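Colleague: Please take me through this model slowly, and tell me what each term rests on when you use it.

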Amino acid sequence: MSGAGKKIVDVAFKAGRTIDWDGMAKMLVTDEARKEFATLRRAFDEVNSALQTKFSQEPEPIDWEYYRKGIGSRLVDVYKEAYESIEIPKYVDTVTPQYKPKFDSLIVELKEAEEKSLKESQRLDNEIVEVKELKEKISTMTADEYFAKHPELKKKFDDEIRNDYWGY
């Protein structure tokens, strides 16, 4: 097998082992998303299997002596010379270096957005807890109790009363 083909097979095999399929499946909410995910996983497994079987095997060497006996040595020598002169170019990756910095910066942005999202989610969870508490206590709560939790509103109302501003 050529070096590039072997490398592709190795990378695909390692990628298949490192993908957390179960973890990703737990994040899916809708049935349609689960179906699409199952299709993606099946396609990935098929491609990975094809890479493992087709590209991981070395081609059988050509038995030139067998062909010399049946066809003739002059014609076989021409084919052998042509076969041996074939040079398979090595794959040079010019795309990855170009996009790697962009990808890395996107990963950084993603981490920052994730942190921001988690903080906002926590803030909203706390606000939900406060609203539920307020909902339970609202019928028996006094204005002083409410203003104790929200001093900025007390200041606003006190300023309005002090300045004789009644909203009209």
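Colleague: Where is the place of Leu-153?

Modeller: Leu-153 lies in helix H8, which covers residues 151-162. Before going on, note that this is a predicted model, in which local features need pLDDT of at least 70 and side-chain atom pairs count only at pLDDT 80 or more, while totals for chains, interfaces and linings use all residues. Residues are numbered from 1 along each chain as its sequence is written, and side-chain values use heavy atoms, with hydrogens and water left out. The word helix stands for a DSSP run of H or I with at least four residues (a strand is a run of E with at least two), and these runs are numbered from the N terminus.

Colleague: Why is Leu-153 called partly exposed?

Modeller: Its relative accessible area is 25%. Buried means under 20%, exposed means over 50%, and partly exposed is what lies in between, computed with a 1.4 Å probe and protein chains only, so Leu-153 belongs to the middle class.

Colleague: With which residues is Leu-153 in contact, once its neighbours within four places in sequence are left aside?

Modeller: Leu-153 is then in contact with Tyr-146 and Phe-147, where contact means heavy atoms within 4.5 Å.

Colleague: What makes Leu-28 buried, partly exposed or exposed?

Modeller: At 22% relative accessibility, Leu-28 is partly exposed, because the value is not under the 20% limit for buried. This residue sits in the loop between helix H2 (21-27) and H3, and apart from neighbours within four places in sequence, Leu-28 is in contact with Ala-33, Arg-34 and Phe-37.

Colleague: How do you know whether the length of helix H3 agrees with what is expected?

Modeller: Helix H3 (residues 31-54) has 24 residues and reaches 34 Å from its first C-alpha to its last. The expected span is 1.5 Å times one less than the number of residues, and for H3 the span is close to the expected 34 Å. Within H3, Phe-37, Asn-48 and Leu-51 are buried, and Phe-37 also forms one aromatic cluster with Trp-21 and Phe-44.

Colleague: Why do Arg-34 and Asp-31 count as a salt bridge?

Modeller: A salt bridge is a side-chain nitrogen of Lys or Arg within 4 Å of a carboxyl oxygen of Asp or Glu, and the N to O distance here is 3.0 Å, so the pair fits the rule. Both residues lie in helix H3, 3 residues apart, which is about one turn of the helix. Arg-34 is partly exposed at 39%, whereas Asp-31, at 54%, counts as exposed because its value is over 50%.

Colleague: How many salt bridges does the structure hold?

Modeller: The structure holds 11 salt bridges. One of them joins Glu-127 to Arg-123, whose closest N and O atoms are 2.8 Å apart; these residues are 4 apart in helix H6, and therefore separated by about one helical turn. Another joins Lys-100 and Asp-104 at 3.4 Å, and this pair too lies in helix H6 (residues 96-137). In addition, Glu-65, Arg-68 and Asp-77 are linked in a network of salt bridges.

Colleague: What makes the aromatic pair of Tyr-66 and Tyr-67 stacked, tilted or edge-to-face?

Modeller: Rings of Phe, Tyr and Trp (its six-membered ring) pair if their centres lie within 6.5 Å, and planes under 30 degrees apart count as stacked, over 60 as edge-to-face and the rest as tilted. By this rule the count comes to 6 aromatic pairs. For Tyr-66 and Tyr-67 the centres are 5.3 Å apart and the planes are at 75°, so the pair is edge-to-face. Tyr-66 is exposed at 56%, while Tyr-67 is partly exposed at 39%.

Colleague: Which residues make the nonpolar surface patch?

Modeller: The patch of about 1000 Å² is made by Ile-62, Tyr-66, Tyr-67, Ile-71, Leu-75, Tyr-79, Tyr-83, Ile-86 and Ile-88. The elements that give two or more residues to this patch are helix H4 (64-70) and helix H5 (73-85), and H5 gives the largest share, 3 residues.

Colleague: Why can Leu-75 belong to a patch, given its relative accessible area?

Modeller: Leu-75, in helix H5, is partly exposed at 43%. Patches are made of residues with over 30% relative accessible area and no salt bridge, where like charges are joined within 9 Å and nonpolar side chains (Val, Leu, Ile, Met, Phe, Trp, Tyr) within 5 Å. The 43% of Leu-75 is over the 30% limit, so its accessibility meets the rule. The accessible areas come from the Shrake-Rupley method with a 1.4 Å probe, and for residues only the protein chains shown count as cover.
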